[in-house]
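Subject: A structure to look at

Hi there,

I am passing on the structure I mentioned, along with some notes on what turned up in it. Have a look at it first, and then read on.

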Amino acid sequence: MIIQFMRIIIAVDIMSGDNAPDVLIRGAIDAAKDFDVDIILVGDKQYERIIPSEFKDRVRFVTSNSIVGMKDEPIVVVKEKADSSMAVAATLLKDGEANALVSAGNTGALFTAASLMIRRVKGIRRAALGTVIRLDNPFIMLDVGANIDATPEILTQFGKMGSLYAKGVLGIENPRVALLNIGSEETKGTSLYSETFALLKEDKSINFIGNCEGRDIPNNFCDVIICDGFTGNISLKLMEGMGAFMSRKIKGIFYKNLLSKFAGLLTLKSTNALKKQMDHKEYGGAPFLGISKPVIKAHGSSDAKGIYSAIRQAKIFYSSGIIGKMASDISESKKV
């Protein structure tokens, strides 16, 4: 008897993002080849011709008729633009025709599609947008933009979800969970943060180590950082900006004169490794945690490499089984 194993199927919204669609198609095809996944490209019919004939058995095309723009109101994805590439891709995931979804489109619209079409894990009050950052150590920060306002109970659930993701996807056995705040003391910050601190401290299902100050973020302080989406998005964009700033400065130093250029050649391998470590395209995108099926928000400026990495992340997310674990853990905690 021959047992056939089904490959993981990733739906990719190819019409959303700054570099859609040709570049995104190239990244998706490369991912199908390298990660042993099947790809469903969702977009305008005219782009089906780009798929090389040798990949027709691994990459199929589903037609959509509109695009959710970056300036569109999020709700259009389930109303006026229910025939958009994003909405059609979300429908494929909802109906079980795909195992995961990747989109570089409008964050608010993707969050809306995920929450209203694919739905949250039962018991989760709000889904969160998390992002993996690799500095001294890999860690996940959530929320980074989906929830501008939150409650202590919601942030505490973010701690549980982030801990499960760090363990299941990042491979950290006992993830250190910290609350992003303006000081290390329990009473620091607004009432939202002091009340969240108290709830996290009481929760024995996670390894809560206290508050994390901004200066602690790059110094292997924790594995999970919890915050509201407003604070998280500012922190994330600051780190991205500082990475670009440092890259420019280092390049300027090594190009200053002949001697510095020679020094640059001697350290080229190390500087390239640092640049790669800080490149968001290496990690692809941000998972929506709390949604009942894997959804990855790729960076809006994703190129072929970015989509390629996002598909790899979607495969790991799906294979980890943490969504099922999340559902059972939340269910058990509600019984207590």
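Let me begin with helix α2. The elements that cover its buried residues include β1 (9-13), β2 (38-43), β3 (59-63), β4 (100-103), α3 and β11 (295-298). Please keep in mind throughout that this is a predicted model.

How many residues of α2 are buried? Eight of the 10 are, so α2 counts as mostly covered, given that buried means under 20% relative accessible area. The buried ones are S85, M86, A87, V88, A89, A90, L92 and L93. Just after α2 comes G96, with a positive phi of about 85°.

One of the neighbours of α2 deserves its own paragraph. Two packed helices are described by the angle between their axes and the distance between the axes. For helix α2 (residues 85-94) and helix α3 (residues 107-118), that angle is about 35° and the axes lie 10 Å apart. The crossing of α2 past α3 is right-handed. On the α2 side, the residues in contact are M86, A87, A90, T91, L93 and K94, and they meet A109, L110, A113, M117 and I118 of α3. Sorted by class, this contact has nine nonpolar residues, one polar and one charged.

Now to helix α6, which covers residues 229-254. Its 26 residues should span 38 Å at 1.5 Å a residue, and the C-alpha atoms at its ends are indeed 38 Å apart, so the two values agree. At the start of α6, D228 has a side-chain oxygen within 3.0 Å of the backbone nitrogen of F230. Which residues of α6 are buried? They are G229, G232, S235, L236 and G243. These buried residues pack against three strands: β5 (128-134), β6 (138-142) and β7 (176-180).

Two of those strands lead to the last stop, N137, which sits in the loop between β5 and β6. Is N137 buried or exposed? With a relative accessible area of 7%, N137 is buried, because the cut-off for buried is under 20%. Leaving aside residues up to four places away in sequence, N137 touches R176, N220, F221, C222 and D223. With one of these, N220, there is also a polar contact of 3.4 Å between the two side chains.

If you would like a place to start in the viewer, try the contact of α2 with α3, and then turn to N137 in its loop between β5 and β6.

Happy browsing, and best wishes

Conventions:
Residues numbered from 1 in each chain as written. Predicted model: local features only at pLDDT ≥ 70, side-chain atom pairs only at ≥ 80, totals over all residues. Heavy atoms only, no water. Axes fitted to C-alpha atoms, helices over the stretch in contact; angles between N-to-C directions. Helix = DSSP H or I, 4+ residues; strand = E, 2+ residues; numbered from the N terminus. Left-handed = near helix turned anticlockwise from the far one by under 90°. Contact = heavy atoms within 4.5 Å. Nonpolar A, V, L, I, M, F, W, Y, C, P; charged D, E, K, R; others polar. Expected span 1.5 Å × (residues − 1). Buried < 20%, exposed > 50% of the residue type's maximum accessible area, 1.4 Å probe, protein only. Polar contact = N/O pair within 3.5 Å; in protein donor to acceptor, adjacent residues only side chain to side chain.
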